[in-house]
There are 2 protein chains.
Amino acid sequence: MKVLFVIAHPDKNSFNHSLLDAAVKRLESQGNEVKVSDLYAMTFKAIVDADDFLNHEEGTRLKVGEASFAATESHQLTDDVVAEQEKLKWADTVIFQFPIWWSSMPAMMKGWFDRVFSSGFGYNYGIRTDTRYGDRFGEGVMEGKRAFIITTIGSSKEQYSERGISGSINDILFPINHNTLFYAGFSVLPPIVTFRADSRREEVYVNAEKAVLERMDNLATVEPIHYRRQNFGDYTIPELTLKEGLEQPDQAHFDIHIERV
Amino acid sequence: MKVLFVIAHPDKNSFNHSLLDAAVKRLESQGNEVKVSDLYAMTFKAIVDADDFLNHEEGTRLKVGEASFAATESHQLTDDVVAEQEKLKWADTVIFQFPIWWSSMPAMMKGWFDRVFSSGFGYNYGIRTDTRYGDRFGEGVMEGKRAFIITTIGSSKEQYSERGISGSINDILFPINHNTLFYAGFSVLPPIVTFRADSRREEVYVNAEKAVLERMDNLATVEPIHYRRQNFGDYTIPELTLKEGLEQPDQAHFDIHIERV
């Protein structure tokens, strides 16, 4: 398999980097090809601005979506963004690794999505008709590829449980898993989440590494999250609302977009 | 009143900046004091790294939470972060303005939270006992201040409705409104959201400006979102899960953390 890791952590000796090293070693020992985008090591530019779009006319208004589309279509994106897009095209599995800060990705990782998932590549892709609304949510440039998150959280599992004050971890990750990865066409595997990663207990790391290595051995066979695809009858077009009665009685909020199987 | 705007948009002529200009003008004309942190204009450093903590020993492992706490406690944060913290202390109302990209903040805005809400300031604040778990979720350094989001989205309102494929806008903003702003002690007012902001219809802007100006006239009186406070009996300590039976039957997921009044 061809596996791309995209990792955002400022410390090479971190919990996250140790997990990465173990995962890469395991994959390579089994004959897989691995590439790593270590965003801090690359000093990846995380901020979208006019410099990202080589054909943007200086001094004119920057409408980000339009500028991004124009640059994507005419091959006027910057080399660093194109290099990341090429890695994505190359990979069959993409793993995003980062600590949760403020219930979301660190700015470095967010900026990778802001820039690399350009208009005409990560979104605004495919045609719109009466029965389909572009290639997105289950279709798109990443169709046929798998992706998932490996993340660490300082707080407890209880705090991120169904009744936890921070909301369930699945709800917290929905904007990334569903609205970003699945949106771009990926099949999204369940995340690997380590709680209390700041704990000094050795077993926290040992258990995390065990879960990661097990996943590495099963990348091709783990069942993806069953998000409903946009263009296959479950949603009204063009409103993009879930048709009535499709969810189970105990499903609500983000959860209605997952099909029980 | 003393109002701080924190805005992240790369274009000075954007929809967002036009709303900002209108809001500032209205506030100042009524005798309020206004400060603006225009993060792109400031070329604000959005990426957390070892340089953020002046007392961090070069070459040693960077545990971000610990380094952040040590720097906050010993006044060894960088000047740019301290300046933002001072503005927060000065303000009685803080308004965050940004476009929604990938169901969240642009990296520039996320990085502002990652850096400015340091450990011992934005989190890890207050004592822990059998009956309280730090000053957070309704208590904390921002207690007594109000905050809210003004944002723009390219998609339709339907797509971000209760049954919309992207999830409801209130759920999408929960990680910011509840897990970040309310967490740090702010009273959080309902967001002002403009959908289809990329539309070329003039009325979209006109309606947005109208909503913003109306809010400026009512900053002190608009009712905050009734998030449940952490340390006042609704949550188990230290698990931080909502006690059974407190929510209404039709409340689920993030919604259970809002008290119906």
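Me: Buried means under 20% relative accessible area, exposed over 50%, and partly exposed in between. In this predicted model, is D11(A) buried or exposed?

Reply: Let's compare its value with the cut-off. D11(A) has a relative accessible area of 6%. Buried means under 20%, so D11(A) is buried.

Me: Thanks! Which side chain does D11(A) meet in a salt bridge?

Reply: D11(A) sits in the loop between strand 1 (2–7) and helix 1 (15–29) of chain A, and its pair crosses between chains. The partner lies in the loop between strand 2 (33–38) and helix 2 (64–73) of chain B. That partner is partly exposed, with a relative accessible area of 41%. At 4.0 Å, N to O, the side chain that meets D11(A) is R61(B).

Me: How many salt bridges are there between chain B and chain A?

Reply: R61(A) and D11(B) form a salt bridge at 4.0 Å, N to O. Another joins E244(A) to R163(B) at 3.5 Å, N to O, and this pair also crosses between chains. Over all chains the structure holds 34 salt bridges, while between chain B and chain A the count is six.

Me: What area is buried between chain B and chain A?

Reply: The size of an interface is often given as the accessible area lost when the parts come together. Here the contact takes 71 residues from chain A and 70 residues from chain B. W102(B), R163(B) and I165(B) supply 19% of the area that chain B buries against chain A, more than any other three residues. Carbon and sulfur atoms give 56% of the buried area, which is about 5,600 Å².

Me: Now for helix 5 of chain A: on which residue is its kink centred?

Reply: Start with the ends of helix 5 (residues 169–182): their C-alpha atoms are only 17 Å apart, short of the 20 Å that a straight helix would reach. Helix 5 also has a kink of about 30°. The residue at the centre of that kink is P175(A).

Me: What is the relative accessible area of L173(A)?

Reply: L173(A) has its place in helix 5 of chain A, where 13 of the 14 residues are buried. Beyond its sequence neighbours up to four places away, L173(A) touches I100(A), I149(A), P191(A) and V193(A). Since buried means under 20%, L173(A) counts as buried, and its relative accessible area is 1%.

Note on methods: Residues numbered from 1 in each chain as written. Chains lettered and ligands numbered in written order. Predicted model: local features only at pLDDT ≥ 70, side-chain atom pairs only at ≥ 80, totals over all residues. Heavy atoms only, no water. Helix = DSSP H or I, 4+ residues; strand = E, 2+ residues; numbered from the N terminus. Expected span 1.5 Å × (residues − 1). Bend = angle between axes of the 7 residues up to and from the residue. Buried < 20%, exposed > 50% of the residue type's maximum accessible area, 1.4 Å probe, protein only. Contact = heavy atoms within 4.5 Å. Buried area = accessible area lost by both parts, 1.4 Å probe.
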